[in-house]
Each structure stands twice: as structure tokens, then as C-alpha cells.
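Work through the exercises below with the sequence and the coordinates open. Each task is followed by a worked solution.

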Amino acid sequence: MTRMAVFWILIPLFIGVLFIGLYRNLLAKLAVIFGASGRFIPWGDVDAAALGQAYADEVVFQRRIRLRGRVPWTRHILISWGFSVLFVFDILTALLTKYLPSEPFLDGNVGWLFLKFGLNLSGMVLLVGLLIALARSVTTAGTEQARFNDMPGTVFLLLVVVTGFVAQGMRFANVPPQPGYGWALLGSWMGEAMRAGAPYAGSHAFVWVTHALLASAFLAYLGWSRMIHVFAAPLGRIFYSQVALREAKVRTVMEGLLKPRAGSR
Amino acid sequence: MSPALRRFAWWSFFVTEAGLVAAASAYVGVATRDFWLVLASAVVAAIAYVVAVLRTPAPDLGEATAASRRWFWF
């Protein structure tokens, strides 16, 4: 059985765990909040401009976090954009090198180098964001500023990223250097730094499998931790960008407050 | 839960799992030993999901909004 086969056998389970977490911790609760907000509004009544603005503010530029300061915003934008772009390049790499392999995407060719460049650049952006987050978690521990920190999530994602770079470094160290490999940035630099210990056979396989399992487990973890905000925060913002829903929620809450409580006179 | 949201919960899960099995079969082949293992993994995930959906109690509004505040959704 190949390493990729093991990965493919496990991934439906990990994604299942993610969905169960999303259902229990997000969808079931959102359903109640939707219910309190007058349920769905017809498509025709959706304010597309407000929806687009909310998406740009919350997801693209993350202006709400900018209000908390430059460092939290830099940390968050590096992590979220680094993670998102890395995820896209991961899918593209699997698709173009494993499922629909063609000449440009063979090892060392221009398409392959482009994918490696994208993977490594986004991975490095993510790594810098995580290191800032880790430093901030340590320096602000126990203070009011620590309210928004997520140390377990940061350490988990850091392990995923570091094992990914180490696996890639071992892979580059196992083959003779080529001029184009420089486009792989940190992966290639680590390969050169690790060349003295090459070849890595069993250890490369072990680190690769560890990285794949950690990355898959992290996806499952998203639904069961503070990381659920990856899905919930944009949804919530987009939801309340619609005036009709916002007003309906305020009305329901006010009606609830005005209702006489059991036992009151 | 509204019927539309419940349908979304079912469809999003099953379409994703079917997509994963299809993607995996492009790599491990169809009707191979690894394919049956991928399918078994997806079936176990599906059983767990169905049980989770059927057994998850509906929270009250206070509980739902408390969760959103705790995890900084809004």
C-alpha cells in the first residue's frame, strides 16, 4: 500500500469528523439564530452590495481585526491568507501532478516549479503569521489581550507547516541540486541545509506520513475548536449584513424581553 | 431547524464524501483493495454523521448565542 493510498483511505474519516463538528457546533446553533431572525429571506430581497461589502471587510481585508491593532491584524491576515492560498496550491498540485499529469508539471519543469513556488511562498507567509501568533500568545498570556489568542490551534497548525517543510527539505536533499529548484524557496533552502544527512529514505516517508496525518487531523479539528470561526465569522458577518435579518433579530429579542416571565407579577 | 438548512446539512456532507471517494478512486483505482478501504472509510464517516445529526439536540437561543460569543463568530 502506498503512502498516498493510506492518506486517501483516512481522509473521508477526517472530513466526516469535520462535518460532525460543524453540524453540532455551528449549524445546529446557527439554525436557532436563523429562527430568531425571521428565517431565510427570499433571494430577491438579498442586498448584494451589502453582502459583497461584508465579505470584503470580513474575509478579504479583515477590517474588524484591524481595529484591535496592527500586530493582531498582521498575524491574522498572514495566517488566513497563507492558509487559504496554500490550500488552493495543494489542491492544484494534487490535480496537476497526480491526476492529470502533463509535461509542464513533471518534476523540475516550469509548471512544477510554479506550483512549488506558490506552495512555499504561501507556506512561508503562514509560518511567519504562526510565529507571530506564538510569540504573542507567550508574551500576552494572562492579560486581557490574550482573549483572542488560540495557543492550541497555533501550535497544531505550526506542527503541520513545519513537518511539511521538513518533508520537502528531505525530498530536495535526496536528489541532485538543479538551478530551477531555487524557486521552491524555503523547501529548497532546507534541502541544501539537510544535504549532508542525505539520503533520507525511511525518515522521509515517516515525516511525510506524519505531515499528511497532521494536516488531515487539523481539518477535522477545525469543527471542534475555536478554529470554527474560520467558517462562522464570515457567515455571521454576511448574515447580519442583511438589514431585514438584523431588524428581525432585534425585533425577536425585544419581543422576548417584553414577554412576562413565569412567576413575575 | 428549517427544512432548507437540514437539506443543506445532508447534501453538503454526502456530496463532499462522494467527491472524496471519486477523487480517491482516480488514484487507487476502482474495485481494488484500496478502493474498498476508501469506501469503507466513507461509509463509517456517513454512519457517524447520520447518528450525530439525529442525536444532536436543538440548543435554545441563549445557548446558541453564547457559543457565538465564546468563539467570536459575530
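**Exercise 1.** Does Thr93(A) count as buried or exposed, and why?

Solution. This is a predicted model, in which local features need pLDDT of at least 70, side-chain atom pairs count only at pLDDT 80 or more, and totals for chains, interfaces and linings use all residues. Residues are numbered from 1 along each chain as its sequence is written, chains are lettered from A and ligands numbered from 1 in the order written, and side-chain values use heavy atoms, without hydrogens and water.

- Step 1: find Thr93(A) in helix H4 (residues 70-99) of chain A; helices are DSSP runs (H or I, at least four residues) numbered from the N terminus.
- Step 2: apply the cut-offs, which are buried under 20% relative accessible area, exposed over 50%, and partly exposed in between (1.4 Å probe, protein chains only).
- Step 3: Thr93(A) has 17% relative accessibility and therefore counts as buried.
- Step 4: list its contacts (heavy atoms within 4.5 Å). Leaving out residues up to four places away in sequence, Thr93(A) touches Lys98(A), Leu115(A) and Leu119(A).

**Exercise 2.** Classify Trp36(B) by its relative accessibility.

Solution.

- Step 1: place Trp36(B) in helix H2 (residues 33-55) of chain B.
- Step 2: its relative accessibility is 48%, so Trp36(B) counts as partly exposed.
- Step 3: compare other residues of H2(B); Phe35(B), Val38(B) and Tyr49(B) are among the buried ones.

**Exercise 3.** Which element of chain B has the lowest mean pLDDT, and which the highest?

Solution.

- Step 1: pLDDT is the predictor's confidence in each residue, from 0 to 100.
- Step 2: helix H3 (residues 61-70) of chain B has the lowest mean, 73, and H2(B) the highest, 97.

How values were computed: Helix = DSSP H or I, 4+ residues; strand = E, 2+ residues; numbered from the N terminus.
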